[in-house]
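Hello,

Here is the structure I promised to send over. Please have a look at it, and then read on for what turned up.

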Amino acid sequence: MSGSRSYESTSHRVELAVLCAGRRGLLMEVSTTQFEGLFTTSHFRAVDERGIFVKPWIYSELENIFGNCQEIYFSSSKKGVLRGLHFQRGASAQAKYVICLSGAIEDIAVDIRPTSPTLGKVFRLRIEALSGNGVIIPPGFAHGIFADE
């Protein structure tokens, strides 16, 4: 499957084989927002009596946004902690893909791109642990996470 994708529609579904079941199923949905380059995601999640299986990173769907991703970070925060708002400029600017592994977070992004029509506007999304939801934040945003739980 080619990694070059266009996410211009409000919802983009990708059908890939679910190996363990031998059936085809939804593995990742990427949806646009009012902010150019900022997307919400729903990724593959299977829950049964044994527990949960989550597949949040599908290279073929994310490589056009992140290229050959070289670094992945995880953070853990106590309830009530705000991490951010952080940003980078120039060659240090980073795109971010945020999911929640435990508890719940409020993801916050502020558009600080000088020529953007959404300059100064705030994006917020509550993400619960292993919910299958996430957000992709492009370079040019100040970003923070508030630990709700």
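Below are notes on the fold, the nonpolar cores, one residue and the cavity.

First, the ground rules. This is a predicted model, in which local features need pLDDT of at least 70 and side-chain atom pairs count only at pLDDT 80 or more, while totals for chains, interfaces and linings use all residues. Residues are numbered from 1 along each chain as its sequence is written, and side-chain values use heavy atoms, with hydrogens and water left out.

The protein chain has one helix and ten strands (DSSP runs numbered from the N terminus: H or I of at least four residues for helices, E of at least two for strands). Along the sequence they follow the order β-β-β-β-α-β-β-β-β-β-β. Of the 149 residues, 36% are buried (under 20% relative accessible area, with a 1.4 Å probe and protein chains only). Taking contacts (heavy atoms within 4.5 Å) between residues at least 6 apart in sequence, 61% join residues at least 24 apart.

The largest nonpolar core (buried Ala, Val, Leu, Ile, Met, Phe, Trp, Tyr and Cys residues joined through side-chain atoms within 4.5 Å) has eleven residues: F35, L38, V98, C100, I105, A109, F123, I127, V135, I137 and F141. Strands β7 (104–111), β8 (122–128) and β9 (133–137) each supply at least two residues of this core. A second, separate core has ten residues, including L27, F44, I58 and L62.

I105 is worth a click. This residue lies in strand β7 and counts as buried because its relative accessibility is 10%. Leaving out residues up to four places away in sequence, I105 touches ten partners by name: V98, I99, C100, L125, R126, I127, I145, F146, A147 and D148. One of these, I145, is 40 residues from I105 in sequence, yet their C-alpha atoms are 6.4 Å apart.

Finally, the count gives one cavity of 30 Å³ or more (a set of points on a 1 Å grid over the protein atoms alone where a 1.4 Å probe fits but cannot get out). The largest cavity holds about 40 Å³ of space, a volume being the space filled by probe spheres set on the points, which are joined across faces, edges and corners. Its lining (residues with an atom within 4 Å of a point) consists of H43, V54, I99, C100, I127, E128, L130, S131, G132 and N133.

Best wishes

Notes: On a 1 Å grid over the protein atoms alone, a cavity is a set of points where a 1.4 Å probe fits but cannot get out, and a pocket is an open set with protein on both sides within 12 Å along at least five of seven lines; lining residues have an atom within 4 Å of a point. Buried means under 20% relative accessible area, exposed over 50%, partly exposed in between (1.4 Å probe, protein chains only).
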